Amino acid sequence: FDRPQKMLFLAVVSCLLYCTVGAEMSGALNDVWEFTESYLLTVWQNRVYVYTTAAVLIAVCFTVNMLFKKKKMVDAVSPLLDKSVKNQKHSPEAEKVIHVSGVKVFYGSQTGTGKGFAKELAGDVIAQGIQCEVMDMKEYDPEDRLAEECTSKMICVFLVATYTDGQPTESAEWFCKWLEEASTDFRYGKTYLKGMRYAVFGLGNSVYVGHYNTVSKNIDKWLWMLSAARIMTRGEGDCNVVKSRHGSVQADFQAWKTKFLNRLQALAKGEKKACSGKCKKGSCKNKKKHKEEAEDSHSLAEKNNSEEELMESSSDAESSAEEEKSHGSVIDMEDLGNVMNRMKKAKVKTKPCSSTVLTYSLWYKLIGSHSGVKLCRWTKSMLRGRGGCYKHTFYGIESHRCMETTPSLACANKCVFCWRHHTNPVGTEWSWKMDPAEKIIQEAVENHKNMIRQFRGVPGVRPERFEEGLTVKHCALSLVGEPIMYPEINSFLRLLHQQNISSFLVTNAQFPEEIRSLVPVTQLYVSVDASTKDSLKKIDRPLFKDFWQRFLDSLRALGEKQQRTVYRLTLVKAWNVDELKAYADLIALGQPDFIEVKGVTYCGESSASSLTMANVPWHEEVIYFVQQLANLLPDYEIACEHEHSNCLLLAHHKFKVDGEWWTWIDYERFQELIQEYEESGGTKIFSAMDYMAKTPIWAIFGARERGFDPSDTRFQRKNKTKDISGC
């Protein structure tokens, strides 16, 4: 065959083979398809059984798998557990509980004796294998750090000397001042130092009968009042060798130190009570002793407190039980003279006093027979660079240069939220001998400066602010009582202005004629604590029968003033926060330049008030109230905020110039204007617009600082038990 023929032959053969095999394969495929179709149809018809069988198989497989895994985990962990248990049995550290983490020895020394004792005690404590630290009280800031001792498991030891006239040494002065204030300040609370354990040893001289170891007694008392726990009875060292219990102050300390070290060992072992080792089964002879010591200490604290609390009880010894029940701790205006005389007699036993200036409580000085001055906590705060009060934010007051005082302790109201707990006298008219305005201002300024001087060397106080604080620039006449009741209030104000001191006067809107006759002040306030007659009676509890008419007339009198005027609204939740329309009507009546809206500050428990923390509105609630009030006042707008004081400021639109707020005060310009007014015999009048100043951005409502001056540092108190906001 040639090539084409071969190709043709192969093609024919291939075709024949394909036809034969293809026919056979086609038949086989048809058989497979028929079988498959029949099988699938059977499965579909019995699918329920198929699904059930599959589910059972899956469940069985899953269960078996989990059992095997669990067995493997137990087998792997068991050796480790056995090893751990064995280690715990042979490791005492695993079962050891630390009852005492260390000892801090605080000393306040003038001649070095106390410091020497502190170092000696520290050495003995360290010899027992316990960590010990010696602290000079001058270098320790109790406001920042003392609360930490409540949870540190440290034992705090105070070795303090009593100096001239029963006063603490210079190094312990700030510590003692702060501790005394905290022990009586509702903002800290009675349990502020709960959990702290302490012991006290005092160095004194019994030759000075009236002042023997006064400082150690006071520190012991103040710590106890804040719920700190004594670990042993206070020790006293006497430099008078004739009366010293062990022959000298050194021997007294050695005896006390031995007891302390024994007590420390017992505490480190977890013993809660000191034990002599002579106990019978089921009882300890020392229990009764400890109980008696605690009761004696309690009685001592109450005795020491009695002189300080004279103003908190009625001074009228002949008042009936019925009167005491009805008036509680309120002192009638006519009784103030008796109270002052009693205080003089009580104080003269313990400390000489000049003139009639007496210590009412820490930072609070009485002047003459009806005036007082107090160091505001915001003054102390700004001295230390921790921020100023809301008046600093709203009006530019320098809080560290502000003097809080009053020429009249008496008040015509008994407000439920009064932070003085109604310990000041009440009355509707002036009824005792009047002190001259010159005397009041002179002694107020001098006492204020003396209280500022006590901050020399205190940790955190800024030197430049300390120096500035010695020159009074502002006077807040809002300490207590009703300043406008003082018959010589205009002379008082003129004397302030002559000394270049600005005046911020607060009145409770019960003396309209006195408001009308008032000379110009830097800023005049009226307290608008409620907007209806019934709520005002319930909240302010005024003494005047025609209180509502007096209230409305006082607002009208305020509207007649040319200088800056302010409504001061205090919000008490569940008492006066639902009276928006009525508040708006009162604002229209007096047309104030500014409206301060502030949440009430809780001032602690008082038999004279039923307020609780539940009556304190949250800051966001105050904001909401002010926003709703602003919607009803077309001429006002929210200008400033001071979150720390829970306070906002509504300002009249006339203080918004070219879109910027001018709520601050040009104090130098005011002094120029008031001088011109006085020199012209009152003919050259001026208005609030003449001495306004631009408000800084950080003080504006909506700023991220929320009213806190960025040049200062915000301080958050540790172990804070209550809201301490307010002014």
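**View A. Right after helix α16 comes Asn-500, which has a positive phi near 60°.** Everything shown here is a predicted model, so a bit of bookkeeping: local features need pLDDT of at least 70, side-chain atom pairs count only at pLDDT 80 or more, and totals for chains, interfaces and linings use all residues. Residues are numbered from 1 along each chain as its sequence is written, and side-chain values use heavy atoms, with hydrogens and water left out. Helices (H or I, at least four residues) and strands (E, at least two) are DSSP runs numbered from the N terminus. Helix α16 covers residues 489-498 and is largely enclosed by the rest of the structure, because seven of its 10 residues are buried. Buried means under 20% relative accessible area, exposed over 50%, and partly exposed in between (1.4 Å probe, protein chains only). The buried set is Ile-489, Asn-490, Phe-492, Leu-493, Leu-495, Leu-496 and His-497. What do these residues of α16 pack against? Their partners are the strands β11 (402-406), β13 (474-477) and β14 (502-507), plus the helices α14 (437-453) and α22 (667-679). Contact means heavy atoms within 4.5 Å.

**View B. Arg-197 is a buried arginine with no salt bridge.** You'll find Arg-197 in strand β4, residues 197-204. For the hunt for a partner, Lys and Arg count as positive and Asp and Glu as negative, while His and the chain ends are not counted. A salt bridge needs a side-chain nitrogen of Lys or Arg within 4 Å of a carboxyl oxygen of Asp or Glu. Glu-149 is the nearest side chain of opposite charge to Arg-197, and it sits 9.6 Å away. So which backbone oxygens does the Arg-197 side chain reach? One belongs to His-99, at 2.8 Å, and another to Lys-153, at 3.2 Å. Leaving out neighbours within four places in sequence, Arg-197 also touches Val-100, Met-154, Ile-155, Cys-156, Ala-229, Ile-231 and Leu-267, along with His-99 and Lys-153 themselves.

**View C. Leu-375 sits in the loop between β10 (371-374) and α12 (377-383).** Is Leu-375 buried or exposed? With a relative accessible area of 0%, Leu-375 is buried. Look across to Lys-449: the two residues are 74 apart in sequence, yet their C-alpha atoms are 9.5 Å apart in space.

**View D. A nonpolar patch on the surface gathers Phe-35, Tyr-39, Leu-40, Val-43, Trp-44, Val-50 and Tyr-51.** Together these residues have about 800 Å² of accessible area. Two elements, α1 (3-45) and α2 (47-89), each give two or more residues to the patch. The largest share, five residues, comes from α1. Nonpolar patches are built from Val, Leu, Ile, Met, Phe, Trp and Tyr with over 30% relative accessible area and no salt bridge, joined within 5 Å (like charges would be joined within 9 Å). Areas come from the Shrake-Rupley method with a 1.4 Å probe, and for residues only the protein chains shown count as cover. Val-50, found in helix α2, counts as partly exposed because its relative accessibility is 40%.

**View E. In helix α14, Lys-439 and Glu-443 lie four residues apart, about one turn of the helix.** Their side chains meet in a salt bridge at 2.9 Å, N to O. Lys-439 is partly exposed at 23% relative accessibility, whereas Glu-443 is buried at 13%.

**View F. Asp-585 and Lys-581 pair up within helix α20, residues 580-590.** They too are four residues apart, about one turn, and their salt bridge spans 3.0 Å, N to O. Asp-585 counts as partly exposed, at 43% relative accessibility; Lys-581 reaches 54% and so counts as exposed.

**View G. Glu-660 and Lys-694 form a salt bridge of 3.2 Å, N to O.** This pair links distant parts of the chain, 34 residues apart: Glu-660 is in strand β21 (660-661), and Lys-694 is in the segment after β23 (692-693). Both ends are partly exposed, with Glu-660 at 37% and Lys-694 at 42%. Elsewhere, salt bridges with shared partners tie Asp-141, Glu-143, Asp-144, Arg-384 and Arg-386 into one network. Across the whole structure, the search turns up 34 salt bridges.

**View H. For context, the protein chain has 22 helices and 23 strands.** Of its 727 residues, 50% count as buried. Among contacts between residues at least 6 apart in sequence, 76% join residues at least 24 apart. The chain exposes about 36600 Å², with carbon and sulfur atoms supplying 54% of that.

Conventions. A polar contact is a pair of N or O atoms within 3.5 Å; within protein, one must be able to donate a hydrogen and the other to accept it, and residues adjacent in sequence count only if both atoms are side-chain atoms. Patches are made of residues with over 30% relative accessible area and no salt bridge: like charges are joined within 9 Å, nonpolar side chains (Val, Leu, Ile, Met, Phe, Trp, Tyr) within 5 Å.
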